[in-house]
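Q: Please give me a close look at one part of this model, the surroundings of the ligand, and then set that part within the rest of the chain. I would like the cut-offs behind each term to be stated along the way.

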Amino acid sequence: MTKALEGIRIIDFTHVQAGPACTQLLAWFGADVIKVERPGAGDVTRSQLRDIPGVDALYFTMLNSNKRSITLDTKTPEGKQVLEQLIRGSDVMVENFGPGALDRMGFSWDRIRELNPRMIWASVKGFSDGHHYEDLKVYENVAQCAGGAASTTGFWDGPPTVSAAALGDSNTGMHLAIGILAALRYRDKTGRGQKVAVSMQDSVLNLCRVKLRDQQRLDRVGYLEEYPQYPHGTFSDVVPRGGNAGGGGQPGWVLKCKGWETDPNAYIYFTIQGHAWAPICKAIGKPEWETDPAYMTAEARQDKIFDIFATIEDWLKDKTKFEAVDILRKFDIPCSPVLSMKEIANDPSLRKSGTVVEVEHKARGKYLTVGSPIKFSEMSVEVTGSPLLGEHTDEILKDIGYTPEKIAELHAAKAV
Ligand code: COA
């Protein structure tokens with residue numbers, strides 16, 4: 001089957017999560033992704049949080065499937081020559097090193113486009129070029145704090161809170177992948193490569209745009225009616241943390257179900273969609289609320305929304321989260337069980353769709369990973385195991401024109 005990115009060669013000069021998540025996605029879509037790693041060590045995630053001694057950690061295997069790995073010391077003259085050769089023969093180079101690292105290595109953007117004017121150079125940094133923090137090294141939670149996620153996540157009486165979702169890392173990688181695809185299309189039209197830069201702060205903020213919406217509403221009217229602070233609490237001049245409140249115009253909350261006392265995830269998310277009030281009243285056994293003026297409109301419900309949630313919790317107390325959703329779905333009420341990672345790992349629908357896949361790894365055996373969340377009607381995405389460190393070094397060197405003798409010299413010089 002033809003893959004969309006077949007014939008596109010990508011130098012994957014990335015590490016940790018933001019860059020690898022981007023290149024893994026492009027590898028799924030058919031690009032030949034060559035992961036360039038330091039001899040002996042490789043990507044730091046190979047050895048971080050290991051669950052099996054001496055075997056690549058899941059942190060690495062789950063972000064580097066479908067790639068080839070070459071080891072290359074790009075600080076040696078021989079290693080630099082190999083990288084130059086790779087740059088001449090590739091379409092895209094992706095990197096997410098600390099600020100200035102590639103310049104120090106001798107591979108500035110000017111040098112890269114001198115070697116290959118069609119090259120698309122894609123780069124992740126914590127902050128954008130010219131930002132007053134542009135020199136900072138950044139990890140996930142730093143980006144969540146800088147991008148507005150932490151100040152708006154959590155409960156109002158607790159500290160700023162980071163999300164478990166990788167808003168700074170994988171999310172930035174997804175933004176970069178979109179940028180690369182646009183740059184490839186641009187190159188198809190013009191023949192010219194270009195630099196694609198994405199910052200982690202900007203990518204987090206892009207997902208927090210509704211909070212910037214709220215800041216402007218707060219500045220204008222002094223309150224935010226969908227937040228738990230309204231109408232009984234007080235607002236300051238900054239967007240507060242709203243706990244589990246629905247972020248749009250539909251009130252919602254996480255509600256306890258049967259077993260919550262012992263099961264930390266015995267909850268559902270319940271949404272009160274304005275036009276679905278009648279079915280909600282029927283579903284929870286409160287038909288009289290449907291026509292009661294004190295409850296009939298969203299506005300009338302606002303000052304007692306937590307009493308309404310308490311009534312729904314009372315209705316939920318003899319139902320498991322799955323039983324509750326099975327009832328509520330019949331009434332077309334937007335809701336979901338709060339799923340644990342264990343439940344997600346074993347979810348038959350996620351397995352069937354290929355979103356949770358079991359993959360074979362040469363040293364580890366089978367492991368679970370998250371497959372492509374993007375489904376195509378004409379293409380399938382087959383997830384393969386991640387490469388061992390330097391597994392394809394000789395094969396890649398041969399691909400780019402090195403003879404067996406030259407390859408032996410590179411090994412002897414410890415450049416690969
Ligand atoms: N051969 C030789 N040297 C190599 C190499 C190779 N194959 N690959 C990397 N290196 C060197 C780099 O040249 C650099 O050396 P230098 O600092 O002496 O110039 C060094 O390894 C890597 O530096 P750096 O990226 O700064 O690593 P770090 O571990 O100190 O910092 C991060 C890690 C993630 C904080 C930093 O890379 C960063 O801020 N990246 C941008 C934002 C980002 O992507 N964050 C992580 C999201 S998951």
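A: What follows starts with the ligand site and then moves outward to single residues elsewhere in the protein.

This is a predicted model, in which local features need pLDDT of at least 70 and side-chain atom pairs count only at pLDDT 80 or more, while totals for chains, interfaces and linings use all residues. Residues are numbered from 1 along each chain as its sequence is written, and side-chain values use heavy atoms, with hydrogens and water left out.

The ligand has 23 residues around it, and those that come nearest are Arg38, Leu72, Gly98, Lys137 and Val138; a residue is counted as near when one of its heavy atoms lies within 4 Å of the molecule. By residue class this shell divides into ten nonpolar, six polar and seven charged residues, where Ala, Val, Leu, Ile, Met, Phe, Trp, Tyr, Cys and Pro count as nonpolar, Asp, Glu, Lys and Arg as charged, and the others, Gly among them, as polar.

Three side chains can be followed to oxygen atoms of the ligand. Lys137 places an N or O atom of its side chain 2.5 Å from a ligand oxygen, Arg38 brings a polar side-chain atom to 2.8 Å from a ligand oxygen, and for His15 the corresponding distance is 3.0 Å. The ligand taken alone exposes 940 Å², of which the protein buries 84%; such areas come from the Shrake-Rupley method with a 1.4 Å probe, and for residues only the protein chains shown count as cover.

As for its location, the ligand sits in the second largest pocket. A pocket is found on a 1 Å grid over the protein atoms alone, as an open set of points where a 1.4 Å probe fits, with protein on both sides within 12 Å along at least five of seven lines; its lining residues have an atom within 4 Å of a point. A molecule sits in it if more than half of its atoms lie within 2 Å of the grid points.

The protein around this site has 17 helices and eleven strands, taken as DSSP runs (H or I with at least four residues for helices, E with at least two for strands) and numbered from the N terminus. Its C-alpha trace spans about 85 × 45 × 40 Å along the principal axes. Of its 416 residues, 45% count as buried, which means under 20% relative accessible area, whereas exposed means over 50% and partly exposed lies in between (1.4 Å probe, protein chains only).

Next in sequence to His15 is Val16, which lies in the loop between β1 (9-13) and α1 (18-28). Its phi is near 60 degrees, a positive value in a residue other than glycine, and Val16 counts as buried because its relative accessibility is 12%. Leu49, in the loop between β2 (32-37) and α2 (58-61), also has a phi near 60 degrees, but Leu49 counts as exposed because its relative accessibility is 74%. Most residues other than glycine have a negative phi, and most peptide bonds are trans. A cis peptide bond, with omega at about 5 degrees, joins Tyr230 and Pro231, and Pro231 is placed in the loop between α9 (209-221) and β7 (252-256).

The loop between β5 (120-125) and α6 (140-146) holds His131, which counts as buried because its relative accessibility is 18%. The side chains of His131 and Gln201 are joined by a polar contact of 3.2 Å, that is, a pair of N or O atoms within 3.5 Å; within protein, one must be able to donate a hydrogen and the other to accept it, and residues adjacent in sequence count only if both atoms are side-chain atoms.

Two pairings show how sequence separation and distance in space can be set side by side. Glu391, in the loop between β11 and α16, is partly exposed because its relative accessible area is 30%, and its C-alpha lies 6.7 Å from that of Ile70, although the two are 321 residues apart in sequence. Val82 belongs to helix α3 (residues 77-88) and is buried because its relative accessible area is 0%; the C-alpha atoms of Val82 and Lys406 are separated by 11 Å, with their positions 324 residues apart along the chain.
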